[in-house]
Amino acid sequence: MKISILDDYHDTVRTLACFRKLQGHDITIWNDHVEDVDRLAARLRDTEALVLIRERTQVRAPLINRLDRLKLISQRSVFPHIDIDACTRRGVIVSSGQHADTPSYATAELTWGLVLAAMRQIPQQMSALRAGKWQIGVGSSLRGKTLGVYGYGRIGAVVAGYAKAFGMNVMVWAREASRAGAQADGYQVARSKEAFFEECDVICLHMRLVESTRGIVSAGDLARMKPSALLVNTSRAALIEQGALVTALRRGRPGMAAVDVYDEEPLLDTNHPLFHMDNVVCTPHIGYVSREEYEIQFADIFDQVIAYGTGAPINVVNPEVLKLTARRSS
């Protein structure tokens with residue numbers, strides 16, 4: 001099978017142990033990022049199975065309609081970047097495991113890295129030291145403060161557990177079922193969404209981006225935060241009302257932010273306002289980017305490719321295409 005892998009920026013996939021699963025297949029790996037449909041269509045014209053790394057490339061109808069040999073898209077997690085209807089019409093199976101039983105420890109760890117970096121001003125202090133300055137400010141400790149976990153799912157639960165090591169109190173806000181789960185695990189649930197934003201010293205967002213969560217953090221929510229508070233987003237930028245975070249930071253509530261996700265990715269505009277704020281720490285969507293996480297994710301992705309090759313596809317998110325294919329072959 002002719003397999004293409006897009007957006008492997010650092011040529012990491014071929015070095016993974018799980019890459020051996022694809023032995024015997026004709027594999028092409030692309031290390032750059034291309035958005036132009038004509039260029040993508042040209043490089044993928046012979047592709048039968050397309051492997052995606054999260055949402056790095058948009059796969060919409062204008063591209064899908066030009067890939068006559070494409071039969072499978074294999075990836076992991078959510079798929080807002082894929083036109084599922086267009087895939088179904090073209091007979092392309094989309095396989096995407098939702099890893100319900102395997103939290104992203106890499107993302108949880110990065111969340112805490114950002115909390116520590118922002119609260120202790122680590123990037124700013126490092127930059128100042130390189131410029132010949134000694135101590136540019138006084139940071140804040142975490143012990144005794146309240147960590148707010150917004151969204152108590154797989155990652156949120158892990159982040160909450162790490163808070164114990166720092167001697168922090170944990171407060172949770174989430175949908176009703178998740179709040180019940182947090183209470184069962186011994187964590188405090190906020191009286192209301194308003195109280196959550198008002199009382200927490202650090203708030204971390206840990207939700208999937210779906211229509212019901214898009215813009216779920218409003219400008220009004222941010223305005224309730226303390227001037228000393230920190231907002232951390234390692235989930236998706238669109239969870240926050242568009243433009244609200246920059247405005248809120250300029251107004252001083254919250255006082256700090258740490259961000260790993262953006263409305264447009266890859267974000268290469270050096271004039272982005274977040275990059276020029278002294279109270280913000282930014283990283284380039286590296287929450288899941290660790291070798292260990294890649295091994296877990298690509299093992300699943302490659303298993304989906306192998307399953308398709310045996311005629312028994314798994315984790316199919318558009319099962320209608322199976323019926324359509326069966327009708328066409330009968």
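How many aromatic pairs does the structure hold? In this predicted model, the count comes to 10 aromatic pairs. One of them joins Tyr-152 and Tyr-187, whose ring centres are 6.0 Å apart. The planes of these two rings meet at 65 degrees, and because an angle over 60 counts as edge-to-face, the pair falls in that class. Tyr-152 sits in the loop between β6 (146–150) and α6, whereas Tyr-187 belongs to the loop between α7 (176–184) and β8 (188–189), so that the contact links distant parts of the chain, 35 residues apart. Both partners fall under the 20% limit for burial: Tyr-152 is buried at 10% relative accessibility, and Tyr-187 is buried at 11%.

A stacked arrangement is found for Tyr-288 and Tyr-294, with 6.5 Å from centre to centre and 20 degrees between the planes. Tyr-288 is buried, with a relative accessibility of 4%, and Tyr-294 is likewise buried, with 5%. These two tyrosines also belong to an aromatic cluster, which they form together with Phe-19, Phe-298 and Phe-302.

Rings also receive charged partners. Arg-43 is placed over the face of Trp-30, 3.7 Å from the ring centre. In a second case, Arg-179 lies over the face of Trp-173, at 4.4 Å from the centre of the ring.

Turning to the open spaces, the largest pocket has a volume of about 1,100 Å³. It is lined by 45 residues, of which Glu-55, Arg-56, Glu-265, Pro-266 and His-285 are the closest to its centre. Helices α1 (37–43), α2 (61–64) and α11 (291–309) each contribute at least two residues to this lining, which is made up of 22 nonpolar, 11 polar and 12 charged residues.

The second largest pocket holds about 690 Å³ of space. Among its 30 lining residues, Gly-153, Arg-154, His-206, Met-207 and Arg-208 are the closest to the centre. Helix α6 (residues 154–163) gives the most to this lining, with three residues. By class, the lining of the second largest pocket comprises 10 nonpolar, 15 polar and five charged residues.

Enclosed space is a separate matter: one cavity of 30 Å³ or more is found in the whole structure. The largest cavity has a volume of about 40 Å³, and its walls are formed by Leu-52, Ile-53, Arg-54, Gln-75, Arg-76, Gln-297, Phe-298 and Ile-301. Helix α11 gives the most to this lining, with three residues, while strand β4 (72–76) supplies at least two. Four of the lining residues are nonpolar, two polar and two charged. Phe-298 thus appears both in the lining of the cavity and in the aromatic cluster.

Conventions:
Residues are numbered from 1 along each chain as its sequence is written. This is a predicted model: local features need pLDDT of at least 70, side-chain atom pairs count only at pLDDT 80 or more; totals for chains, interfaces and linings use all residues. Side-chain values use heavy atoms; hydrogens and water are left out. On a 1 Å grid over the protein atoms alone, a cavity is a set of points where a 1.4 Å probe fits but cannot get out, and a pocket is an open set with protein on both sides within 12 Å along at least five of seven lines; lining residues have an atom within 4 Å of a point. Grid points are joined across faces, edges and corners, and a volume is the space filled by probe spheres set on the points. Helices (H or I, at least four residues) and strands (E, at least two) are DSSP runs, numbered from the N terminus. Ala, Val, Leu, Ile, Met, Phe, Trp, Tyr, Cys and Pro count as nonpolar, Asp, Glu, Lys and Arg as charged, and the others, Gly among them, as polar. Rings of Phe, Tyr and Trp (its six-membered ring) pair if their centres lie within 6.5 Å; planes under 30 degrees apart count as stacked, over 60 as edge-to-face and the rest as tilted. Buried means under 20% relative accessible area, exposed over 50%, partly exposed in between (1.4 Å probe, protein chains only). A charge sits over a ring if NZ of Lys or CZ of Arg is within 6 Å of the ring centre and within 35 degrees of the ring normal.
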